[in-house]
Amino acid sequence: MSSDVPTLAGNPSAQYTELADAARALVAGETDLVANAANLSALVYHALPQVNWVGFYFFDGTELVVGPFQGQPACVRIPLDRGVCGAAARTRATQRVADVHAVPDHIACDAASRSEVVVPLVRGDELIGVFDLDSPITDRFFESDQRGLESIAQILVESIS
């Protein structure tokens with residue numbers, strides 16, 4: 001598998017296009033949310049440099065509950081009124097944070113994390129959860145990363161529709 005995983009270096013737009021193609025191929029014909037989230041978290045974790053956590057939290061009707069991920073053990077439950085993940089779920093807007101230590105209600109699951117991007121997973125009016133990435137590098141995620149990761153999140157949402 002590792003030889004088939006695109007690594008993002010060089011032109012981010014082209015690399016994210018390649019990563020999205022790989023993501024589509026991984027979920028093709030599979031509609032199980034957990035299976036697809038597991039494969040996509042592994043794909044993205046191994047493709048992106050300088051990330052220390054890539055995974056999903058699913059909305060259970062009350063709060064976010066950890067789903068498939070790659071990285072150190074994670075916080076199990078996140079209320080919608082706390083942290084970057086909660087903000088993405090609550091507002092249904094991607095949150096890109098250059099320095100998580102500047103966020104007053106940041107939830108530090110891994111003390112090594114310095115920056116974060118969280119993409120909400122929404123189907124119609126239904127909140128499914130969030131796609132969360134952390135990096136040990138301050139200001140690691142750029143607008144190109146945000147757009148690319150939003151496309152990966154959409155691929156997951158469409159796979160379960």
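Me: Where is the place of Phe-142?
Reply: Phe-142 sits in the loop between strand 6 and helix 4. Keep in mind that this is a predicted model.

Me: Is Phe-142 buried, partly exposed or exposed?
Reply: Start from the cut-offs: a residue is buried under 20% relative accessible area and exposed over 50%, with partly exposed in between. Phe-142 has 48% relative accessibility, so it counts as partly exposed.

Me: How far apart are Phe-142 and Val-97, in sequence and in space?
Reply: Two separations can be read here. Along the sequence, 45 residues separate Phe-142 and Val-97, while their C-alpha atoms lie 9.6 Å apart in space.

Me: Let's move on to helix 4. Which strands does helix 4 lie across?
Reply: Helix 4, residues 143-159, lies across strand 1, strand 4, strand 5 and strand 6. Its direction makes an angle of about 35° with strand 5. For its length, multiply 1.5 Å by one less than the number of residues to get the expected span. Helix 4 has 17 residues and reaches 24 Å from its first C-alpha to its last, close to the 24 Å expected.

Me: Which residues of helix 4 are buried?
Reply: Among them are Asp-145, Gln-146, Gly-148, Leu-149, Ile-152 and Leu-156. Asp-145 is worth a second look, since charged side chains come up again below.

Me: How do I read the sheet, and what is the order of its six strands?
Reply: Follow the pairing from one strand to the next. The sheet is open, its order is 3-2-1-6-5-4, and the pairing is antiparallel. Strand 3 and strand 4 (95-97) are the edge strands, as each pairs on one side only. From one strand to the next, the twist averages 20°.

Me: Over how many bridges do strand 5 and strand 6 pair?
Reply: Strand 5 (residues 115-123) and strand 6 (residues 126-135) share nine bridges in the antiparallel sense. To see one residue pair, take Val-117, whose bridge partner in strand 6 is Leu-133.

Me: Which strands does helix 2 lie across?
Reply: Helix 2 (residues 33-47) lies across strand 1, strand 2 and strand 6. Relative to strand 1, helix 2 runs at about 155°.

Me: Now the charges. How many salt bridges does a search of the whole structure find?
Reply: The test is a side-chain nitrogen of Lys or Arg within 4 Å of a carboxyl oxygen of Asp or Glu. The search finds six. One of them joins Asp-21 and Arg-24, with N to O at 3.2 Å.

Me: By about how much of a helix are Asp-21 and Arg-24 separated, and why?
Reply: They are separated by about one helical turn, because they lie three residues apart in helix 1 (residues 12-27). Both ends are partly exposed: Asp-21 at 45% relative accessibility, and Arg-24 at 44%.

Me: Which parts of the chain does the Asp-60 and Arg-77 pair link?
Reply: Asp-60 forms a salt bridge with Arg-77, the closest N and O atoms being 3.4 Å apart. This pair links distant parts of the chain: Asp-60 belongs to the loop between strand 1 (53-59) and strand 2 (63-71), and Arg-77, 17 residues away, belongs to strand 3. Asp-60 is partly exposed at 43%, as is Arg-77 at 46%.

Me: Are Arg-140 and Asp-145 buried or exposed?
Reply: These two form a salt bridge with closest N and O atoms 3.3 Å apart. Arg-140 is buried at 8%, and Asp-145 is buried at 6%. Elsewhere, salt bridges that share partners join Asp-60, Glu-63 and Arg-77 into one network.

Terms used:
Residues are numbered from 1 along each chain as its sequence is written. This is a predicted model: local features need pLDDT of at least 70, side-chain atom pairs count only at pLDDT 80 or more; totals for chains, interfaces and linings use all residues. Side-chain values use heavy atoms; hydrogens and water are left out. Helices (H or I, at least four residues) and strands (E, at least two) are DSSP runs, numbered from the N terminus. Buried means under 20% relative accessible area, exposed over 50%, partly exposed in between (1.4 Å probe, protein chains only). Two strands pair if DSSP finds at least two bridges between them. Axes are lines fitted to C-alpha atoms, for helices over the stretch in contact, and angles run from 0 to 180 degrees between N-to-C directions. Contact means heavy atoms within 4.5 Å.
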